[in-house]
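Subject: Structure handover

Hello,

Here is the structure I promised to pass on. Please open it first, then read the notes below.

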Amino acid sequence: MSKNKKDLTECEIKVLDLLKHSMTNVEIGEKLFISHHTVHAHKASIFKKLDAHDSLEAVVKGLKLGYINLD
């Protein structure tokens, strides 16, 4: 993917991948060994980059753009 506003960082992709399982910020933080505040910041960045209004929309767009899979 070319450099543009939709390019997600490796950490953002990891967070997005866990969002597909409806995990909370605390659960994602525990899984990735980061604080829930950091998870919140990553989610805000994901939503902005993907022009998503919530986690579900972000996951759908992430799937369509190939950032995550349904495994």
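A term to start with: a crossing is left-handed if the near helix is turned anticlockwise from the far one by less than a right angle, and right-handed if clockwise. Keep in mind that this is a predicted model.

**Helices H3 and H4**

H3 passes H4 in a left-handed crossing. Helix H3 covers residues 36–50, and helix H4 covers residues 55–64. Their axes lie 10 Å apart, and the packing angle is about 60°. That angle makes H3 oblique to H4, because angles under 35 degrees count as roughly parallel and 65 to 115 as roughly perpendicular.

Which residues meet here? From H3 come Lys43, Ile46, Phe47 and Leu50. From H4 come Ser55, Ala58, Lys61 and Gly62. By class, this contact has four nonpolar, two polar and two charged residues.

**Helices H1 and H2**

The second pair is H1, residues 10–19, and H2, residues 25–32. H1 and H2 pack at an angle of about 125°, and their axes are 10 Å apart. H1 is therefore oblique to H2. The crossing of H1 and H2 is right-handed. On the H1 side, the contact is made by Lys14, Val15, Leu18 and Leu19. On the H2 side, Ile28, Lys31 and Leu32 take part. The class count for H1 with H2 is five nonpolar, no polar and two charged residues.

**The core**

In soluble globular proteins, nonpolar side chains tend to be buried together. In this model, the largest nonpolar core has 15 residues. Which of them have the most contacts inside it? They are Leu16 and Ile46. H1, H3 and H4 each supply at least two residues of this core.

Look at leucine 16 next. Set aside its neighbours within four places in sequence. Leucine 16 is then in contact with Leu8, Ile46, Leu50, Ala58, Val59, Gly62, Tyr67 and Ile68. Ile46 and Leu50 also appear on the H3 side of the contact with H4. Ala58 and Gly62 appear there on the H4 side.

**Alanine 41**

One more residue to find: alanine 41, in helix H3. Is alanine 41 buried, exposed or partly exposed? Its relative accessible area is 43%, so alanine 41 is partly exposed. The cut-offs are under 20% for buried and over 50% for exposed. Aspartate 17 is 24 residues away from alanine 41 along the chain. The C-alpha atoms of alanine 41 and aspartate 17 are separated by 15 Å.

Best wishes

Definitions and conventions:
Residues numbered from 1 in each chain as written. Predicted model: local features only at pLDDT ≥ 70, side-chain atom pairs only at ≥ 80, totals over all residues. Heavy atoms only, no water. Axes fitted to C-alpha atoms, helices over the stretch in contact; angles between N-to-C directions. Helix = DSSP H or I, 4+ residues; strand = E, 2+ residues; numbered from the N terminus. Parallel < 35°, antiparallel > 145°, perpendicular 65-115°, else oblique. Contact = heavy atoms within 4.5 Å. Nonpolar A, V, L, I, M, F, W, Y, C, P; charged D, E, K, R; others polar. Buried < 20%, exposed > 50% of the residue type's maximum accessible area, 1.4 Å probe, protein only. Core = buried A, V, L, I, M, F, W, Y, C linked by side-chain atoms within 4.5 Å.
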